[in-house]
Amino acid sequence: MAGRRGPGLLGRAITAFVVAASLSVVCVGEAHRSTPACARARGELTVDDLPAGSSVLDCRAVGRLITHDGAGVTVPEPGTTVSVDALTADGSARDFTLAVAADGTVSYGHGHEEGHGEARTEALTGSRRDAPAPCADGAYSTAGRKEYGTYEWFVGDGPLPGGLSRAEARRAFQDAVATITTSRNDCGYDDTVTAKARYLSTTGNEAGIDRAARCVRRDGLSVWDGGDLGTDAVATTCSWSRPVPGGPDELLEADVRFNTHDYAFTDHPSGGCTQAYDIRSVATHEAGHVFGLGHSGAGHENLTMFANSFACSTDARSLGKGDVLGLRSLY
Ligand SMILES: [Zn+2]
């Protein structure tokens, strides 16, 4: 399953065409052009209000919130893909991707493993004890996007996890980002990954993620901060990208928020830790999303890109085999 990609957009388009063609046979004699069955609802939309193959232009859906299985994003401008990756405490992965083609056509789940898209909520039944050791587990998935240049990022001026000072948080985040860009691991793999990042400054801007962990606002700055994500998400990454011919999407912006409202974090897990999440472990996982990694899936509980973070554990601070292979496949 490593790196497996689902049916591409072209496949979906062909499927949509076939369906449309067969419908047109059924509908002979009826109106030649029907009003698109989309976006009629007021307020929040669901994927049923904006089905794959419909147009955000016909549906006037740009800027509207669309939800599925508890995940949500604001419909972006044509030529943009938006993805949400939530790290949850109840053991489920909440991923949702909405791609809007340059002509306005909607597709879901572009990129993530299996490609079946829409929201993928996966029950985590395995245990770390039963899963392969991190250096023996080569599983990974990629999200169909990468940072082609340098990921330039900011730290917000609001609350930060673990009550850290801004300087402490910046160091913790910077260390986590560097773990991804240098593919730092304890498995003996050399760093061949060419990803680059640069911390810029503190900002008054915030991560564009709302109190239900939905990707609602792209402001041009990639911001790491803390806030309320609702009760399920420990941390969330929202990324916006655009298609590149013949390659993965190009990352435009990636925001990361820690749920400081509902969860305890620490930069120094120790014997006394009972429920706090290790900031650097969570940050390394989120940085993996920033640089285009998806979740490693059930049965791969010891990899950094497994969809759950384990309280008081620092294991995800360094990468496992699959995490490294995933980065190498992109960089
Ligand atoms: Zn994740």
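**Salt bridges, cores and cavities**

In the predicted model, Arg198 and Glu152 form a salt bridge whose closest N and O atoms are 2.3 Å apart. Arg198 belongs to strand β10 (residues 196-203) and Glu152 to strand β9 (residues 150-156), so the pair ties together parts that are 46 residues apart in sequence. Arg198 is partly exposed, because its relative accessible area of 44% falls between the limits of 20% and 50%. Glu152, at 34% relative accessibility, is likewise assigned to the partly exposed class.

Under the criterion applied, the count of salt bridges comes to 13. One of them joins the side chains of Arg257 and Asp225, with an N to O distance of 2.8 Å. Arg257 is placed in strand β13 (residues 247-259) and Asp225 in strand β11 (residues 222-227), so this pair ties together parts 32 residues apart in sequence. Both Arg257 and Asp225 are buried. Elsewhere, Asp175, Arg184, Asp267 and Arg280 are joined into one network by salt bridges that share partners.

A further salt bridge is found between the side chains of Arg145 and Asp85, at 3.8 Å from N to O. Distant parts of the chain are linked by this pair, since Arg145 is located in strand β8 (residues 145-146) and Asp85 in strand β4 (residues 80-88), 60 residues apart. Arg145 and Asp85 are both buried.

Two of these acidic and basic residues recur in the surroundings of Thr236, a residue of strand β12 (residues 233-244). Thr236 has a relative accessibility of 0% and therefore counts as buried. With neighbours within four places in sequence set aside, the contacts of Thr236 include Asp85 and Arg257. The remaining contacts of Thr236 are Val84, Ala86, Ile209, Ala213, Leu229, Asp255, Val256 and Glu286.

The largest nonpolar core contains 38 residues, of which Phe173, Trp224, Phe258 and Phe291 touch the most other members. Two or more residues are given to this core by each of β9, α2 (166-181), β12, β13, α3 (279-290) and α4 (321-330). Helix α2 gives the most, with six residues. When residues up to four places away in sequence are not counted, Trp224 touches Tyr151, Trp153, Phe154, Val155, Gly156, Phe173, Val177, Val256, Phe258, Ala283, Ala287 and Val290. Another core, of 26 residues, lies apart from the largest one and has Val47, Val82, Ala207 and Leu229 among its members. Leu229 is also one of the residues in contact with Thr236.

Internal voids were examined next. Two cavities of 30 Å³ or more are counted. The largest cavity, with a volume of about 100 Å³, is lined by 14 residues, and those closest to its centre are Arg128, Phe310, Ser313, Asp315 and Ala316. By class, its lining comprises four nonpolar, seven polar and three charged residues. For the second largest cavity, the volume is about 30 Å³. The lining of the second largest cavity is made up of Ala139, Tyr140, Ser141, Leu293, Gly294, His295, Ser296, Leu303, Met305, Gly322 and Asp323. These lining residues divide into five nonpolar, five polar and one charged.

Methods: Residues are numbered from 1 along each chain as its sequence is written. This is a predicted model: local features need pLDDT of at least 70, side-chain atom pairs count only at pLDDT 80 or more; totals for chains, interfaces and linings use all residues. Side-chain values use heavy atoms; hydrogens and water are left out. A salt bridge is a side-chain nitrogen of Lys or Arg within 4 Å of a carboxyl oxygen of Asp or Glu. Helices (H or I, at least four residues) and strands (E, at least two) are DSSP runs, numbered from the N terminus. Buried means under 20% relative accessible area, exposed over 50%, partly exposed in between (1.4 Å probe, protein chains only). Contact means heavy atoms within 4.5 Å. On a 1 Å grid over the protein atoms alone, a cavity is a set of points where a 1.4 Å probe fits but cannot get out, and a pocket is an open set with protein on both sides within 12 Å along at least five of seven lines; lining residues have an atom within 4 Å of a point. Grid points are joined across faces, edges and corners, and a volume is the space filled by probe spheres set on the points. Ala, Val, Leu, Ile, Met, Phe, Trp, Tyr, Cys and Pro count as nonpolar, Asp, Glu, Lys and Arg as charged, and the others, Gly among them, as polar. A nonpolar core is a set of buried Ala, Val, Leu, Ile, Met, Phe, Trp, Tyr and Cys residues joined through side-chain atoms within 4.5 Å.
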